Amino acid sequence: MTSAVTSLPVEVEKKPFKRTNRPGTKAVDFYKWPEEAFEDMDSTLAVQQYIQQLIRKDPSAIDDILTPPDSQDEGVWKYEHLRQFCMELNAIAVRLQAECNAETCSQMTATEQWIFLCAAHKTPKECPAIDYTRHTLDGAACLLNSYKYFPSRVSIKESSVGKLGSVCRRVYRIFSHAYFHHRSVLMKSSPKPTYASVSPFS
Ligand SMILES: [Zn+2]
Ligand SMILES: [Zn+2]
């Protein structure tokens, strides 16, 4: 005689999944958690989380990384990309210091055609490339973290969005300088800079 086995529903308490790198996590295990759909991200930092998730998934999938989800506010999307770009550029700037200095690069150039003035001073100045890099990244960080212009990560005034273009233009020159004058430093960066082939504002 066989007895029928019925599977009774078992109530399992679902613990909220924490997407966080706990202290002691090995580098290889960093960010090892399941992807999350953008609609399910309910934090005020959702756009940043989503962009970083896309970058981790495939840093070379530039089109995917730059395509905003449906109904995403475009100003916030640009703002968060510029924040991410500056964060990655800071890591490159640290490596640049090893070979870019006032003797090797006394002016900020990309190709030999233009010399760029540093806008971080009362009167724009011909700072050496590495100083231009530091001053410009500092200025960008100050602006992007300014409560006056960017009090929210969820919505941004149109007048503040208008400020992003000039920041982007200036910080992107740092990237160009690294590409044309210190390519080995740029290519040795690990992980590879996400925005190596495209400007988020192009
Ligand atoms: Zn240089
Ligand atoms: Zn300067």
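**Helix packing and zinc sites**

Helix 3 passes helix 4 in a left-handed crossing. This comes from a predicted model, and the crossing is a handy place to start. The axes of helix 3 (residues 74-96) and helix 4 come within 10 Å and cross at roughly 150°. Angles over 145 degrees count as roughly antiparallel, so helix 3 is roughly antiparallel to helix 4. On the helix 3 side, the residues in play are Tyr 79, Leu 82, Arg 83, Cys 86, Leu 89, Asn 90, Ala 93 and Leu 96, and they meet Ile 130, Thr 133, Leu 137, Ala 140 and Leu 144 of helix 4. Sorted by class, this contact of helix 3 with helix 4 comes out at 10 nonpolar, 2 polar and 1 charged.

Helix 4 also has a contact with helix 6. Here helix 4 (residues 129-144) and helix 6 (residues 164-181) pack at about 150°, and their axes are 10 Å apart. Helix 4 and helix 6 are therefore roughly antiparallel to each other, and their crossing is left-handed. Helix 4 brings Ala 129, Tyr 132, Thr 133, Thr 136, Leu 137, Ala 140, Leu 143 and Leu 144 to the contact, while helix 6 answers with Leu 164, Val 167, Arg 170, Val 171, Arg 173, Ile 174 and His 177. The tally for helix 4 against helix 6 is 10 nonpolar, 3 polar and 2 charged residues. Thr 133, Leu 137, Ala 140 and Leu 144 of helix 4 turn up in the contact with helix 3 as well as in the one with helix 6.

Helix 1 is next. The axes of helix 1 (residues 46-57) and helix 3 come within 10 Å and cross at roughly 55°, which makes helix 1 oblique to helix 3. The crossing of this pair, helix 1 and helix 3, is right-handed. Val 47, Gln 48, Tyr 50, Ile 51, Gln 52 and Ile 55 do the touching from helix 1, and Val 76, Trp 77, Glu 80, His 81, Gln 84, Met 87 and Glu 88 from helix 3. That contact of helix 1 with helix 3 splits into 7 nonpolar, 4 polar and 2 charged residues.

Now for the metals. The zinc ion (ligand 1) is held by Cys 100 (SG), Cys 105 (SG), His 177 (NE2) and His 182 (NE2), at 2.0 to 2.3 Å. Its 4 donor atoms subtend angles of 103 to 113°, so the arrangement around the zinc ion (ligand 1) is tetrahedral. Along the chain, the donors of this zinc ion (ligand 1) are spaced C-x4-C-x71-H-x4-H. One of these donors, His 177, is also among the helix 6 residues that contact helix 4.

For the zinc ion (ligand 2), the protein donors are Cys 118 (SG), His 121 (NE2), Cys 127 (SG) and His 135 (ND1), at 2.0 to 2.3 Å. The 4 donor atoms around the zinc ion (ligand 2) subtend angles of 97 to 118°, which again means a tetrahedral arrangement. The donor spacing for the zinc ion (ligand 2) reads C-x2-H-x5-C-x7-H. Within this set, His 121 and His 135 link distant parts of the chain, 14 residues apart: His 121 lies in the loop between strand 2 (115-116) and helix 4, and His 135 in helix 4.

Conventions:
Residues are numbered from 1 along each chain as its sequence is written. Chains are lettered from A and ligands numbered from 1 in the order in which they are written. This is a predicted model: local features need pLDDT of at least 70, side-chain atom pairs count only at pLDDT 80 or more; totals for chains, interfaces and linings use all residues. Side-chain values use heavy atoms; hydrogens and water are left out. Axes are lines fitted to C-alpha atoms, for helices over the stretch in contact, and angles run from 0 to 180 degrees between N-to-C directions. Helices (H or I, at least four residues) and strands (E, at least two) are DSSP runs, numbered from the N terminus. Angles under 35 degrees count as roughly parallel, over 145 as roughly antiparallel, 65 to 115 as roughly perpendicular and the rest as oblique. A crossing is left-handed if the near helix is turned anticlockwise from the far one by less than a right angle, and right-handed if clockwise. Contact means heavy atoms within 4.5 Å. Ala, Val, Leu, Ile, Met, Phe, Trp, Tyr, Cys and Pro count as nonpolar, Asp, Glu, Lys and Arg as charged, and the others, Gly among them, as polar. Donors are N, O and S atoms within 2.8 Å of the metal (3.2 Å for Na, K and Ca); water is not among the atoms, so sites may look incomplete. Four donors count as tetrahedral if all angles lie between 85 and 135 degrees; four count as square planar and six as octahedral if opposite donors are over 155 degrees apart and all others between 65 and 115; anything else is irregular.
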